[in-house]
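Reader: I would like to learn how to read a structure of this kind feature by feature, with the general idea set out before the particular case. Could we go through it together?

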Amino acid sequence: MLNDHILTAITLLPAAGAMVVALLPRKGHTIQWFALLVTLATFVLSLHLPAHFDYARRGFQFEENRPWISSPAIRYHLGVDGLSLWLVLLTTFLAVIGVLISWRAIETRTKEFYFLFLLQQTAMIGVFVALDLFLYYGFWELSLVPMAILIAMFGPARGRQAALKFFLYTFLPSALFLVAILWLYAKTGTFDFVQLQDALTNQPSLFSPQALWWASLAFLMAFAVKVPVFPLHGWLTDTIQEAPTAMAMVVAGKLGLYSIVRFNLGLFPAQARLIAPLMIALAVIGLLYGALVALAQTDMKRLVAYSILSNLSFCTLGIFCFAVAGLNGAVFQTINEGVTGGAFLALVSLLYERYGTYDMSLYGGLASKLPMLATLYVITALALIGLPLFNGFVGEFLVLSGSFEAHPAWIAAATIGVILSASYILWMVQRIFYGQPSPLAANRPAVDLNAREQLMLWPMAVLMLVMGVASPYWIRAIDGAVSGLAGTSAGTAAAPASQAVSAAAAGQETQ
Amino acid sequence: MNDALRILPEIVLTVAGVLVMVVDALMPKASNRKPLGWLAAVGILGALAASWWQYRLPPGTGYFGVVQTDAFSVFFHILIAGIVLTSVLIALDAVTPETEGLGELFALMLFGSVGMMLMTSAVELLLVFVALEISSISTYIMAGFRRKSAKSPESALKYFLLGSFATAFFLYGIALIFGATGTTRIDGISAAVSGNHAFGLLHGGLAMIIIGLGFKVSAAPFHVWTPDVYEGAPSPVVALMSTGPKAAAFAVLLRIAYGALPQLHGHWVPILWWLAVISMTAGNLGALRQHNLKRMLAYSSIAHAGYILVAFTALSADGVAAASFYVVSYGAMNVGMFAVISHVGGYDDHLTAIEDYRGLGYSSPLLGGAMTLFLISLIGIPFTAGFFGKFYVFAAALHSGMVWLTIVGLINSGVAAYYYLRVAAAVYSRPAAAAPIMSLEKASFPLQLALLLTAAAILILGIVPGNVLGAARAAAQTLSSASDSK
């Protein structure tokens with residue numbers, strides 16, 4: 001019973017919560033508490049998924065499939081597989097963190113904020129669970145609206161421009177994406193992912209190769225902007241600078257990367273392989289470019305933004321190398337990026353709440369004054385640079401090892417990016433926490449993490465460690481979903497992922 | 001008696017309109033005339049009920065075959081009744097008891113809707129023409145209702161001059177078609193076209209009719225009047241005239257294209273294809289440059305006319321249904337937008353610049369939230385009427401192989417997002433402390449009702465469009481079966 005409706009419950013609970021928020025009085029912290037309750041309830045509900053997930057089974061689970069609109073034939077079709085399972089959990093987990101981080105940061109217009117925040121959760125979860133392209137597109141576009149409004153509302157300096165930029169960057173390619181969806185429907189008469197996949201594999205005569213190529217490009221373009229892939233990242237820094245932290249944490253990465261794996265690899269494997277060389281090149285360029293630009297930043301938020309660009313390029317690289325290990329690593333790294341990148345943004349914003357600036361040059365010597373914050377900061381930094389024992393290591397190792405055989409030169413270049421990322425992050429830690437206390441740090445009262453902040457950061461830190469040590473728990477679900485993709489694309493599967501995973505684990509033990 | 005049932009909603013509206021005028025004349029000079037609006041609303045509700053009841057009437061014609069009630073006419077009747085009802089509610093919020101000519105305003109709204117409704121059920125081109133004139137003349141007068149401002153009479157005069165020119169085209173088109181086929185009945189024309197060789201006359205007539213109706217739906221290149229007229233006319237009137245007469249004109253165009261001249265589709269499809277492309281592009285590019293919200297919406301309405309014309313080119317029952325559905329969703333979102341503008345800008349339009357709306361989301365969360373919903377529907381974000389309308393239109397077009405038209409249309413909708421979004425972003429930016437928007441009056445009951453109606457329509461059409469889609473498809477079926485049977 002619960003298995004049949006669990007996805008609907010997880011998806012719609014935040015939206016239902018949003019409707020209640022709209023009716024709550026603006027008194028005290030009522031709205032915050034209620035939002036926390038909703039996000040916690042959603043998270044707990046979503047824990048049902050890994051608990052009852054059948055890891056041995058291929059295909060989608062917890063499916064719901066019901067007609068919604070008869071003509072055009074649109075179905076309400078939800079389901080998760082190993083690919084989307086952890087992304088749903090990541091979303092519900094970050095929602096709780098998002099409420100906690102906003103507790104003090106958002107003091108005015110809380111009703112508007114939490115209304116839109118909860119709506120955003122529904123849209124994001126919906127993207128991961130929707131298996132009908134119409135429904136998927138609905139959630140995909142819906143996810144733009146709360147984000148754009150919140151950026152306009154809370155952007156400290158150029159909120160309006162940043163909101164417009166964010167919206168249009170994603171919306172414009174989505175127009176062509178919609179053309180491609182409609183074209184697929186015109187050819188097959190269905191929006192259903194499973195049926196479309198079937199039609200594309202078994203009835204290739206329905207489609208002209210050229211049109212198929214254009215359709216796959218329209219899909220890829222829409223997703224690449226959302227990731228973002230290198231030359232399309234123009235919106236990222238502004239958005240991360242202007243958006244409230246809780247929203248900035250979820251704006252990049254998972255939606256786009258998931259969609260590339262699900263649709264470009266799932267529906268258009270041949271076309272994805274054709275475009276792979278370009279995507280690999282762009283990924284490596286993005287990786288190096290992001291790291292180099294991050295190295296030159298003094299503004300912490302901009303640094304985080306470029307580091308996110310750099311880390312996400314890593315995931316893109318893993319996806320388009322078409323090796324099982326690389327794909328596993330890319331998906332795993334996507335989840336890592338959600339956790340670690342989110343923690344990183346949260347920490348930076350906690351510093352801002354205390355000292356009122358993002359300018360690193362004004363900080364210094366905070367380690368002795370804020371020991372707890374410094375500890376968590378260092379843990380996050382180490383996870384970000386991929387130190388063994390942490391989650392980042394597993395992801396990077398899988399991507400690099402899985403793809404090295406096919407593209408040694410590109411992977412060598414990517415490794416330089418890994419070194420660069422270690423430099424800018426360690427340099428940042430050094431500038432903020434060590435050395436002489438700056439006048440700013442000396443003049444302000446030192447307030448270390450309070451209970452709420454610890455409550456939000458420790459789970460993330462623990463998760464970074466657990467995901468690093470016990471990665472096979474996550475990978476086995478991912479592997480079941482993506483090994484087929486690499487297989488259909490490559491014809492022959494590359495090194496089995498389980499081997500690579502145990503290699504990664506062995507690597508950690510030797511460290 | 002049976003004949004009268006075929007025009008029952010029109011009769012109800014006419015009686016209500018006359019009643020409003022009579023009561024208005026009997027009331028003492030200084031008394032509050034706002035209750036007349038409620039009287040009008042009751043009349044419209046009666047017409048709505050009558051239209052609904054007509055669904056149960058077996059399809060057929062009355063008065064020697066000049067009016068026809070079928071799923072198609074009833075569909076548009078209900079839509080028009082909804083639009084007029086909401087417009088009356090908006091007017092009730094905008095006007096004060098001292099506003100001059102209130103009785104006439106409400107009576108004209110009723111008479112105008114008689115014309116619009118009759119346009120959708122007439123199957124005799126001369127009756128279409130008469131109905132078109134009833135609707136147009138009422139709107140010409142209403143456009144100039146704010147006599148004391150310079151812009152309103154200017155708007156009325158422009159609308160009147162260009163409008164009568166367009167009606168003349170329409171009439172000339174009827175004459176040419178009569179010359180070619182010897183009849184002005186829709187079914188007669190389609191029967192006569194088959195074996196007809198007077199193609200020159202027929203083509204001329206078709207072109208004239210497209211020009212005349214193109215003006216009424218403000219399709220480019222016949223759109224130049226739209227921004228000026230929308231800017232000058234009072235907002236409650238714009239709510240009505242930007243949707244009602246357009247819906248009726250599209251219904252007429254559908255009846256003529258698919259009912260009377262389906263055999264000529266090889267000629268009218270390319271024409272409408274180009275009109276669609278030009279309208280979408282000109283409308284959206286024009287809207288990008290606007291600073292006045294009403295002018296911006298005027299250009300946006302040109303673009304939306306273009307989207308609807310896309311559906312015409314699909315040449316399928318789905319295309320007709322998509323056009324009908326889009327007219328409904330466009331009606332809901334546009335009327336809703338003008339409801340907000342009418343309240344914020346007031347009857348005298350003192351706040352119509354986009355910058356004036358900065359901070360609306362703070363000074364009035366209700367109005368700001370409603371406006372955002374209307375805007376995202378106009379952009380075409382999923383789960384709103386606007387998205388499903390566009391989706392259906394372009395799905396129908398693509399199904400008929402109109403790939404380029406679909407690409408042009410959807411790129412256009414991407415461009416359009418920019419100017420709608422500019423407004424939404426302004427609504428949620430921090431306002432200046434002393435901005436006039438901060439001292440807004442609370443929305444009155446009629447306005448809240450109007451917002452509720454339009455917002456509910458947008459969400460229903462966006463999330464559970466099944467019923468309306470079914471009605472639109474039934475309407476489309478009556479048109480195509482009429483042409484298939486020939």
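**Reading the core, the chains and their contacts**

Author: Let us begin with the nonpolar core, keeping in mind that this is a predicted model. In soluble globular proteins, nonpolar side chains tend to be buried together. Here the largest nonpolar core holds 404 residues, and the members that touch the most others are B:Ala40, B:Val88 and B:Ala311.

Reader: Which residues is B:Val88 in contact with, once its neighbours within four places in sequence are left aside?

Author: The contacts of B:Val88 are B:Gly37, B:Ala40, B:Ala41, B:Ile44, B:Phe106 and B:Met109. One of these, B:Ala40, is also among the three core members that touch the most others.

Reader: Stepping back to whole chains, how many helices and strands does chain B have, and how should I judge its overall dimensions?

Author: A useful approach is to set the radius of gyration beside the value that a rule gives for the chain length. Chain B has 21 helices and two strands. Its radius of gyration is 21 Å, close to the 23 Å that the globule rule gives for 486 residues, so chain B is as compact as a globular protein of that length. Taken along the principal axes, the C-alpha atoms of chain B fill a box of roughly 70 × 55 × 40 Å. Of the 486 residues in chain B, 64% are buried, and among its contacts between residues at least 6 apart in sequence, 80% join residues at least 24 apart.

Reader: What does the reading give for chain A, in helices and strands?

Author: Chain A contains 22 helices and two strands. With a radius of gyration of 22 Å, close to the 24 Å that the globule rule gives for 511 residues, chain A is as compact as a globular protein of that length. The C-alpha trace of chain A spans about 70 × 55 × 40 Å along its principal axes, and buried residues make up 60% of its 511 residues.

Reader: How do I read the side of chain B that touches chain A, and which element gives the largest share of that side?

Author: The size of an interface is often given as the accessible area lost when the parts come together. Here we can count residues instead: 26 residues of chain B are in contact with 27 residues of chain A. On the chain B side, the elements that give two or more residues are helices H17 (365–379), H18 (385–399), H19 (403–427) and H21 (466–484). The largest share, 12 residues, comes from H19(B). By class, this side of chain B has 18 nonpolar, seven polar and one charged residues.

Reader: Turning to single helices, where does the kink lie in helix H1 of chain A?

Author: A kink is read as a change in the direction of the helix axis. In H1(A), residues 2–23, a kink of about 35° lies at A:Leu12, shortly before the proline A:Pro14. That proline is itself one of the buried residues of H1(A), which also include A:Ile6, A:Leu7 and A:Ile10. What covers these buried residues includes helices H2 (30–52), H3 (82–105) and H4 (110–129), together with strands S1 (61–69) and S2 (74–80), of chain A.

Reader: How does helix H12 of chain B compare with its expected span?

Author: H12(B), residues 244–260, has 17 residues and reaches 23 Å from its first C-alpha to its last, close to the 24 Å expected at 1.5 Å a residue. H12(B) is also mostly covered, since 17 of its 17 residues are buried.

Reader: What backbone features should I look for in the loops?

Author: Two things to check are cis peptide bonds and positive phi values. A cis bond joins A:Val227 and A:Pro228, with omega about -5°, and A:Pro228 lies in the loop between H9 (209–226) and H10 (236–242) of chain A. In chain B, the bond from B:Ala220 to B:Pro221 is cis, with omega near 5°.

Reader: And is B:Phe383, with its positive phi, buried or exposed?

Author: B:Phe383, in the loop between H17 and H18 of chain B, has phi near 70°. This residue counts as buried because 20 other C-beta atoms lie within 10 Å, and 20 or more is the cut-off. A:Arg109, with phi near 50°, is partly exposed, having 18 other C-beta atoms within 10 Å.

Definitions and conventions:
Residues are numbered from 1 along each chain as its sequence is written. Chains are lettered from A and ligands numbered from 1 in the order in which they are written. Two residues are in contact if their C-beta atoms, placed from the backbone, lie within 7 Å. Helices (H or I, at least four residues) and strands (E, at least two) are DSSP runs, numbered from the N terminus. Ala, Val, Leu, Ile, Met, Phe, Trp, Tyr, Cys and Pro count as nonpolar, Asp, Glu, Lys and Arg as charged, and the others, Gly among them, as polar. The bend at a residue is the angle between axes fitted to the seven residues ending there and the seven starting there. A residue is buried if 20 or more other C-beta atoms lie within 10 Å of its own, exposed if 12 or fewer, and partly exposed in between; C-beta atoms are placed from the backbone. A nonpolar core is a set of buried Ala, Val, Leu, Ile, Met, Phe, Trp, Tyr and Cys residues joined through C-beta atoms within 7 Å. The expected span of a helix is 1.5 Å times one less than its number of residues. The radius of gyration is taken over C-alpha atoms; the globule rule is 2.2 Å times the number of residues to the power 0.38.
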